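Me: Please take a close look at the loops, with their backbone geometry and side-chain contacts, and then set them in the context of the chain around them. A formal account with explicit cut-offs would be preferred.

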Amino acid sequence: MDNRSEVREFLTSRRARITPQQAGLPAAGHRRVTGLRREEVALLAGVSAEYYARMERGNLSGTSEAVLDALARALQLDESERAHLMDLARTASSTRRPARRRAAQPVRPGLRQLLDAMTDAPAFIRNGRLDMLATNRLGKALYWPLFQDPARPVNMARYQFLNPGADQYMTELDTQRASAAALLRTEAGRDPYNRELSDLIGELSTRSEAFRTLWAAHNVRLHHTGVKRFHHPVVGDLDLAFEALPVPTDPGLTLTALSAEPGSPAHDALKLLATWFATLEPTGPDPRPSVGAEHHSPGGAEHGGHLHQ
């Protein structure tokens, strides 16, 4: 991705969303746009209008951290947006490198052991591209629909935007999609020379109008905690709190664990899900679920699905 265009579109989109009133400026006179003018951002950031115009044209090379901090305050950037601005500036000041392919980042045995030890909570490890690199048993059971796609590695964004069954499995698909696009945008700023990431973004942009719309918004986010809602084909509705923890010893990897309030319907559903998953053959075809008979079969002959262990 071109750094100059990324900078230009990010700054323009952030400026456009702030009204003079929100910035504490008078709104007198005719305005062609609802957002701030360039000279108003320059005033708020304490730089000349010419210097800010240079930045908004996409040139952050050599910009000091103090100026970037002032610009972040002027544009009222949140934590994730400020980090994204710093990433864009870092790329602008570095030696330009061609995009390159990366060897798959391994998941250390110690991390896999940690996942396996989490028997009562679905958990998985992902990278910045939203590939699910490792799961525990309950995590694989929860994300069972994703594993039915033969493409590997299992990718959360590809499933959300391209799989026609995603809206049945994810009850708040629009929210999930917006989060995925923002996480990919954040990762693209952090790691702009990652060919696999660029390939995924290109694939989603080509095949999904919803992704193109969200990508054009230039939203970014840090995804640490919240609630995920599912309609699982075996146990039905699940509302699960999640915590996403970056792995300090393995930059780029995030461990996500989901949980339910003890005694809640979601907690009971997780126990039922664990019972169902325990009945599956390690490598054979998925049987019809032996529990939750009121739900349709997720892996019978009409689906032809196999659970890859």
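Reply: The account below moves from the whole chain to the loops, then to a strand residue, and ends with the helices.

This is a predicted model, in which local features need pLDDT of at least 70 and side-chain atom pairs count only at pLDDT 80 or more, while totals for chains, interfaces and linings use all residues. Residues are numbered from 1 along each chain as its sequence is written, and side-chain values use heavy atoms, with hydrogens and water left out.

The chain has an average pLDDT (the predictor's confidence in each residue, from 0 to 100) of 88, and 87% of its residues score at least 70. Over residues 283-309, however, the pLDDT is below 50, although this stretch has 58 contacts (heavy atoms within 4.5 Å) in the model beyond near neighbours in sequence. The secondary structure consists of 14 helices and five strands; these are DSSP runs numbered from the N terminus, helices being H or I over at least four residues and strands E over at least two. Of the 309 residues, 50% are buried, where buried means under 20% relative accessible area, exposed over 50% and partly exposed in between (1.4 Å probe, protein chains only). Among contacts with a separation of 6 or more, 57% are between residues 24 or more positions apart.

For the backbone of the loops, the general background is that most residues other than glycine have a negative phi, and most peptide bonds are trans. Which residue has a positive phi of about 70 degrees without being a glycine? That residue is L130, located in the loop between β1 (123-126) and β2 (132-135). L130 counts as buried because its relative accessibility is 3%. H218, likewise not a glycine, has a positive phi near 60 degrees. This histidine follows α13, in the loop that leads from α13 to β3; with 3% relative accessibility, H218 counts as buried. At the start of α13 (residues 209-216), a side-chain oxygen of S208 comes to within 3.4 Å of the backbone nitrogen of A210. A further feature is the cis peptide bond between R152 and P153, with omega about 0 degrees. P153 belongs to the loop between α8 (137-142) and α9 (156-162).

The loop between β4 (236-246) and β5 (254-259) contains D250, which counts as buried because its relative accessibility is 8%. The side chain of D250 makes a polar contact of 2.9 Å with the side chain of R108; a polar contact is a pair of N or O atoms within 3.5 Å, and within protein one must be able to donate a hydrogen and the other to accept it, with residues adjacent in sequence counted only if both atoms are side-chain atoms. The side chain of T249 makes another polar contact with that of D250, at 2.8 Å. Apart from neighbours within four places in sequence, D250 touches Q105, R108 and L111.

H231 lies in strand β3 (residues 225-232) and is partly exposed, at 33% relative accessibility. Its side chain forms a polar contact of 2.7 Å with that of D237. Residues up to four places away aside, H231 is in contact with Q168, Y169, T171, G236 and D237. Of these, Y169 is 62 residues away along the chain, yet the two C-alpha atoms are 4.8 Å apart.

Helix packing completes the picture. The axes of α1 (residues 3-16) and α6 (residues 79-92) come within 10 Å and cross at roughly 150 degrees; axes are lines fitted to C-alpha atoms, for helices over the stretch in contact, and angles run from 0 to 180 degrees between N-to-C directions. The two helices are therefore roughly antiparallel, on a scale where under 35 degrees is roughly parallel, over 145 roughly antiparallel, 65 to 115 roughly perpendicular and the rest oblique. Their crossing is left-handed, that is, the near helix is turned anticlockwise from the far one by less than a right angle, clockwise being right-handed. Residues making this contact include F10 and L11 of α1 and L85 and L88 of α6.

By contrast, α3 (residues 38-45) and α4 (residues 49-56) have axes that come within 8 Å and cross at roughly 110 degrees, which means that they are roughly perpendicular. Here the crossing is right-handed, and R38, E39, V41 and A42 of α3 meet A49, Y52, A53 and E56 of α4.
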